[in-house]
Amino acid sequence: CVGILRPSSSRAPARQTAKGLKMPTHAHKNRKKRGHVSAGHGRIGKHRKHPSGRGNAGGQHHHRIMMDKYHPGYFGKVGMRHFHKQKNHYHCPIINLDKLWTLVGEEKRLECAAASGQAPVIDLTDYGIFKCLGKGQLPKQPVVVKARYISKLAEKKIKEVGGACILTA
């Protein structure tokens, strides 16, 4: 007796459509649900469209426990209102001391270090920077910093290396 010969699978592979690859109907899980009335969604609850509302609906009502538990502070306001706020009034770019010498370049720094008795003047407003902060270390070399605002720590560190601070309007 010869074994039973079966033809190769007659099932169609996925085919290309305008929206992309389309899965053949036989591969859909829904095929297994045929003949079962509720298709796995239960008779009592029923598979309706949006039973609890769309999106974040009910955050202060029927979903309040979830919002309070996992998203505290989601509702409400904080702080004061500022009518007609103009960003220009608060425009204040900063630079730290560790980046100060990058404005003039390493060659200029070495050149000024060789010429004793001369300290380069770095005018921060020429570079569009208004405030100098004190993070980092300065090389042991005097420098004159001109800026609109200079923090106490920055001023202390600049003076420690023999430099000076000049406030401009």
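E106 and R109 sit three residues apart in helix 3 (residues 106–114), so about one helical turn separates the two. In this predicted model, their side chains meet in a salt bridge, with 2.9 Å from N to O. The two partners differ in how much of them is open to the outside: E106 is partly exposed, with a relative accessible area of 44%, whereas R109 is buried at 17%. As background, side chains of opposite charge can pair when their charged atoms come close.

R109 is worth a further look. Its place is in helix 3, and its side chain also counts as making a polar contact with the side chain of E106, again at 2.9 Å. Beyond the stretch of up to four places away in sequence, R109 touches W101, P139 and Q141. So the picture for R109 is that of a buried residue, at 17% relative accessible area, with a salt bridge to E106 and with contacts to W101, P139 and Q141 once residues up to four places away are set aside.

How many salt bridges does a search of the whole structure find? The count is two. Besides the pair in helix 3, E155 forms a salt bridge with K159, and here the closest N and O atoms are 3.0 Å apart. The setting is again helical: E155 and K159 are four residues apart in helix 4 (residues 152–160), which puts about one helical turn between them. Both ends of this bridge count as partly exposed, E155 at 30% relative accessibility and K159 at 48%.

Disulfides are a shorter story, as the search of the whole structure turns up zero. Why does C92 have no bonded partner? The closest cysteine sulfur, in C132, lies 11 Å from the sulfur of C92, and that is too far for a bond; the cut-off for a disulfide is 2.5 Å between the sulfur atoms. C112 is likewise in no disulfide, its nearest cysteine sulfur being that of C165, 17 Å away. As for their surroundings, C92 is partly exposed at 31% relative accessibility, while C112 is buried, with a relative accessible area of 11%.

Turning to the strands, one open sheet holds three of them in the order 4-6-8, with parallel pairing. Its edges are strand 4 (121–123) and strand 8 (164–167), each of which pairs on one side only. On average, and with direction ignored, neighbouring strands of this sheet are turned by 20 degrees against each other. Strand 4 is joined to strand 6 (residues 144–147) by three bridges, and the two run parallel. Within this part of the sheet, V121 stands opposite V144 in strand 6.

Another open sheet is built from three strands in the order 3-5-7, and the pairing here is parallel too. The edge positions go to strand 3 (94–96) and strand 7 (149–150), each pairing on one side only. Two bridges join strand 5 (residues 131–133) to strand 7, and these strands run parallel. C132 stands opposite I150 in strand 7. This cysteine is also the one whose sulfur is closest to that of C92, at 11 Å.

Note on methods. Residues are numbered from 1 along each chain as its sequence is written. This is a predicted model: local features need pLDDT of at least 70, side-chain atom pairs count only at pLDDT 80 or more; totals for chains, interfaces and linings use all residues. Side-chain values use heavy atoms; hydrogens and water are left out. A salt bridge is a side-chain nitrogen of Lys or Arg within 4 Å of a carboxyl oxygen of Asp or Glu. Buried means under 20% relative accessible area, exposed over 50%, partly exposed in between (1.4 Å probe, protein chains only). Two strands pair if DSSP finds at least two bridges between them. Axes are lines fitted to C-alpha atoms, for helices over the stretch in contact, and angles run from 0 to 180 degrees between N-to-C directions. A polar contact is a pair of N or O atoms within 3.5 Å; within protein, one must be able to donate a hydrogen and the other to accept it, and residues adjacent in sequence count only if both atoms are side-chain atoms. Contact means heavy atoms within 4.5 Å.
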